[in-house]
Amino acid sequence: MEDAPLAPVEVIERSRRGDDVDAGSVAAFVRSWLDGTASDAQMAAWCMVACLRGLSEEHTRALTDALIASGDRLELARFGHTGDRHSTGGVGDTTTLVAAPLAAALGVRVAKMSGRGLAHTGGTVDKLEAIPGFRTDLPVDRFVRQVRDTGIAVIAQTARLVPGDRRLYALRDATGTVPAAGLIAASVMSKKLAGGAEAISLDVKAGRGAFFADAAEARAGAGLMAALAGPWGRRVRWIVSAMDQPLGRSVGNALEVREAADALRGGGPPDLRELAVAVAADLAEAAGAVAEGEGAERAERALDDGSALACAERWVEAQDGDPAVWTDPGALPRAPVVVDVPAPADGWVSGLDARGLGEAARWLGAGRLHPDQSVDPVAGLELLAKVGDPLVAGEPMAMVHARDAWAAERARGMVARCVERSQEPVDPPPLLLGRGRGDA
Ligand code: URA
Ligand code: CA
């Protein structure tokens, strides 16, 4: 006979001391939190232990399975080549807005559940909601129909699909317990496995603006996520990408939609394009929509010939948004106050503190400081100089987009402190730090 599971407080105390806890007790603890028997305080205490001591693969799996079981699971294989992607969270990371329609243009049916901003990082749902009219709260049957008929749908976690992650995500955000590899892996993979797509592309961010401090930690996190997918028979490809400086030149919701629009029209910042191409290629190859080794070239072509843009227009229209946002900058809301941040001296940019810039954007209103705060779609930053770019004293190195002059002035100082300078030329750092797969 199996032993009875430990009580919630015993799971927390034993975990805090580093004593053995069986996976069944972890599963029972998570279930009891989901049904209201264990409190949010208990779950937050356990998450803090996970941040400080780590979570084993077995416990991560128990948490993942319990989160998946908190709602329905979708099966999408009958629709053909299906794909989903996720990033572990970065600053200015607009990749989904480009990579999702790009993968759709390559023949992948993209079915994705996204999150809102977490800590200093942005969330795809907040970015999409900067598009006038766009709905991220589609009912599950409409989501599935849209995957079938339009070939692309991106929604927020719902009350039916992984509701447990929606609650846990908000609790972690409010209690400073986001950065634990096991908690991140369970949060990401519960959404990907319940979402039902066959091919999964993971972008694991590494660096000072990410939840993984360096490439080695990110690689371990990628391996853990791929291992969680193994028994489910999904095809996982992962990328480790640098998040020491923000991705692209824009940070903030409407600004990032505009940046994605530039990329979908064949332009935009080269790092955003490079990452979107890598993600779309991984998805298209893993889903079997294009031959092995051909994804990148096909993706480059789809950005340049307008086919990714056409998919993006169909997608936004299907979710009640204004498709003009991709071609008419006037279709997006704009901040009433825009000020520049001048360079204090000549030189080169040697570092752009992604976390500090993410915090400045969050403080301006692009993210949340309290869980029930709404985000300001127009708030954010434009980075005119990235690492390796030259600076000229007195010329603008960034722009602040704000609601009012007071906020703009304060953010100006925050941004200036995030720009590190060198008297010598600096090489731009590489973006892609590793790639791999964890096929079942
Ligand atoms: N993205 C998620 O969905 N969950 C996390 O915990 C971190 C990033
Ligand atoms: Ca960006």
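Tutor: Before we start, helices (H or I, at least four residues) and strands (E, at least two) are DSSP runs, numbered from the N terminus. This is a predicted model, where local features need pLDDT of at least 70, side-chain atom pairs count only at pLDDT 80 or more, and totals for chains, interfaces and linings use all residues. Residues are numbered from 1 along each chain as its sequence is written, chains are lettered from A and ligands numbered from 1 in the order in which they are written, and side-chain values use heavy atoms, leaving out hydrogens and water.

Student: Okay! Which elements each supply at least two residues of the shell around ligand 1?

Tutor: Strand S1 (82-87), helix H8 (163-175) and helix H9 (181-195) do. H9 gives the largest share, 4 residues.

Student: What makes a residue count as being around ligand 1?

Tutor: One of its heavy atoms has to lie within 4 Å of the ligand. Among those that pass are Leu118, Tyr169 and Ile184.

Student: Why is the pair between ligand 1 and the side chain of serine 187 called a polar contact?

Tutor: A polar contact with a ligand is a pair of N or O atoms within 3.5 Å. A nitrogen atom of ligand 1 is 2.6 Å from an N or O atom in the serine 187 side chain, so the pair fits the definition. For lysine 191, an oxygen atom of ligand 1 is 2.6 Å from a side-chain N or O atom.

Student: What makes the chain agree with a compact globule?

Tutor: The radius of gyration is taken over C-alpha atoms, and the globule rule is 2.2 Å times the number of residues to the power 0.38. With 440 residues that gives a value near 22 Å; the chain has 21 Å, so the two agree.

Notes:
A polar contact is a pair of N or O atoms within 3.5 Å; within protein, one must be able to donate a hydrogen and the other to accept it, and residues adjacent in sequence count only if both atoms are side-chain atoms.
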